[in-house]
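Q: I'm new to this one and would like a hand reading it. Could we take a look together?

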Number of protein chains: 2
Amino acid sequence: MLLTGTSLRVTYRSVTFRQGLFGNNSAMVAKNQTVDCGSSCGGPRKNAAARIFDTARELFYRRGIRAVGVDEIVCSAGVTKPSLYRSYASKDDLVAACLTSYADESRTTIDAKLEAAGPEPLGRLYALIDHYAGQTSDPDFRGCPMTNTAVEFPEADNPGRSIAETCKSEVRDRILDLARQIDTKEPESLTDGLLLLIEGAYSTHHIFGSQGPSGCLRKSAGRLIESYLKR
Amino acid sequence: MLLTGTSLRVTYRSVTFRQGLFGNNSAMVAKNQTVDCGSSCGGPRKNAAARIFDTARELFYRRGIRAVGVDEIVCSAGVTKPSLYRSYASKDDLVAACLTSYADESRTTIDAKLEAAGPEPLGRLYALIDHYAGQTSDPDFRGCPMTNTAVEFPEADNPGRSIAETCKSEVRDRILDLARQIDTKEPESLTDGLLLLIEGAYSTHHIFGSQGPSGCLRKSAGRLIESYLKR
DNA sequence: GTAAGGACGTACCGGTCAGTAACATTCTTC
DNA sequence: GAAGAATGTTACTGACCGGTACGTCCTTAC
């Protein structure tokens with residue numbers, strides 16, 4: 001059997017972890033992986049809480065929330081576990097903080113890009129599409145943290161889901177707001193069609209990478225928008 | 001802090017598990033959840049291997065691969081752990097078998113629907129879209145198992161990824177094959193645009209459910225296809 | 001100089017993870 | 001009813017999970 005007994009051992013700061021390919025054993029980090037968020041970066045050494053947060057944010061996004069244990073976070077951050085639990089009540093709490101941070105960052109970036117696009121609603125809509133197209137053209141992109149969280153945690157009462165759902169609803173509202181300002185009879189349909197394309201670009205990136213269908217986002221969105229514009 | 005100490009305890013067949021909301025502790029199943037695949041269903045009692053497979057297939061899809069432990073699988077299947085390891089070399093092995101099964105089932109279903117749609121390529125293309133639209137209209141839908149696996153396991157060498165990638169490439173090839181048969185100059189762009197919409201429908205279902213943007217799949221795909229047809 | 005308090009680390013907890021060994025029991029088939 | 005296959009029972013392993021009791025160090029203030 002091809003997958004039988006497949007496991008790999010790596011050493012990080014004299015701690016060795018085992019990781020089954022589909023297993024839950026997650027306290028592992030690849031040798032020389034650049035997730036060291038505080039102990040060796042240039043500039044003033046950040047305090048433990050900041051390093052924990054930055055490291056967790058990066059690791060959760062790169063490898064998934066369930067896949068990353070608190071041991072790995074503190075190890076990568078160059079701190080110890082009690083430091084984590086002095087700043088965050090639980091792993092759940094840290095996860096929520098990271099998700100909120102992703103959402104805030106996304107909101108701020110989009111604000112800036114829309115601002116830069118000027119007052120014309122169609123131009124602003126294309127600027128929004130270009131923003132997402134730009135994200136998916138990055139090979140290091142690992143999809144939308146919000147969508148990834150919803151995939152990882154299907155339970156309806158998961159607190160991460162509500163953060164993700166709120167964030168996505170905001171995006172939908174923003175697109176709808178723009179769609180209502182352009183000359184179309186069906187802004188809702190256009191909005192949802194564009195959302196499908198954007199989320200599809202996120203999703204196909206997971207499978208096909210940055211050279212896959214996500215490269216067609218701008219073009220497809222353009223055709224969809226065109227089809228909704230009155231002539 | 002709102003999420004502090006959030007945990008829930010449930011009992012299943014006199015075994016109690018604890019589950020942190022974002023934790024790895026996964027050997028839990030909601031009370032009265034209908035995942036019992038063998039011990040109480042009508043009809044002849046399946047053998048242990050079949051029950052393990054059916055249960056795992058269901059649980060992995062419904063809750064995620066990392067979230068489901070072997071203890072929970074055997075517990076839900078009404079068998080014991082040695083029975084699992086007599087049939088499958090490892091959890092990895094069982095996961096791979098389930099993924100292959102999802103892929104095979106999807107291929108078979110699509111074959112049948114295309115067959116039923118007749119010889120006309122445009123009709124076949126719409127039949128394919130309708131197939132995906134039908135999936136996402138089901139509230140119990142939990143996205144595409146292949147995409148979900150790619151999200152859960154970002155590591156390039158994960159064996160589940162290669163199964164998922166192969167399956168998705170097949171789908172892309174099938175759409176491209178149909179796109180090449182209809183009257184358009186850019187079958188590749190149309191294919192990738194349709195893939196974005198399909199994957200977007202999968203993805204938005206995770207966040208917005210069956211009443212969300214995924215309901216626009218057929219309509220959006222129709223407009224995109226129209227825009228590619230020569231006039 | 002020294003006391004106080006914050007920041008941080010050492011070493012541990014109980015529980016769950018995937019996986020196994022040894023052996024008992026039941027089912028099927030002839 | 002014997003033989004052999006299939007399955008269950010029980011107990012265990014080493015590693016990792018999230019989380020914590022408690023000790024140490026380092027800065028600041030007097």
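Q: How many residues does each chain bring to the contact?
A: Contact here means heavy atoms within 4.5 Å. By that rule, 70 residues of chain B and 70 residues of chain A take part. Keep in mind that this is a predicted model, where local features need pLDDT of at least 70, side-chain atom pairs count only at pLDDT 80 or more, and totals for chains, interfaces and linings use all residues. Residues are numbered from 1 along each chain as its sequence is written, chains are lettered from A in the order in which they are written, and side-chain values use heavy atoms, with hydrogens and water left out.

Q: What area is buried between chain B and chain A?
A: The size of an interface is often given as the accessible area lost when the parts come together. Here the buried area (accessible area, 1.4 Å probe, lost on putting two parts together, summed over both) is about 6,100 Å², and carbon and sulfur atoms give 61% of that.

Q: How many salt bridges are there between chain B and chain A?
A: A salt bridge needs a side-chain nitrogen of Lys or Arg within 4 Å of a carboxyl oxygen of Asp or Glu. The count between these two chains is 6. Take Arg223(A) and Glu186(B): their closest N and O atoms are 3.1 Å apart.

Q: Which element gives the largest share of the side of chain B that touches chain A?
A: Helices (H or I, at least four residues) and strands (E, at least two) are DSSP runs, numbered from the N terminus. H8(B) gives the largest share, with 14 residues.

Q: And how many salt bridges does the whole structure have?
A: Over all chains, the search finds 30. One pair is Glu170(A) with Arg107(A), whose closest N and O atoms are 2.7 Å apart. That pair links distant parts of the chain, 63 residues apart: Glu170(A) sits in helix H7 and Arg107(A) in helix H4 of chain A.

Q: What is the volume of the largest cavity?
A: On a 1 Å grid over the protein atoms alone, a cavity is a set of points where a 1.4 Å probe fits but cannot get out; lining residues have an atom within 4 Å of a point. The largest cavity has about 90 Å³. It is lined by 13 residues, and Thr147(B) is among the closest to its centre.

Definitions and conventions:
On a 1 Å grid over the protein atoms alone, a cavity is a set of points where a 1.4 Å probe fits but cannot get out, and a pocket is an open set with protein on both sides within 12 Å along at least five of seven lines; lining residues have an atom within 4 Å of a point. Grid points are joined across faces, edges and corners, and a volume is the space filled by probe spheres set on the points.
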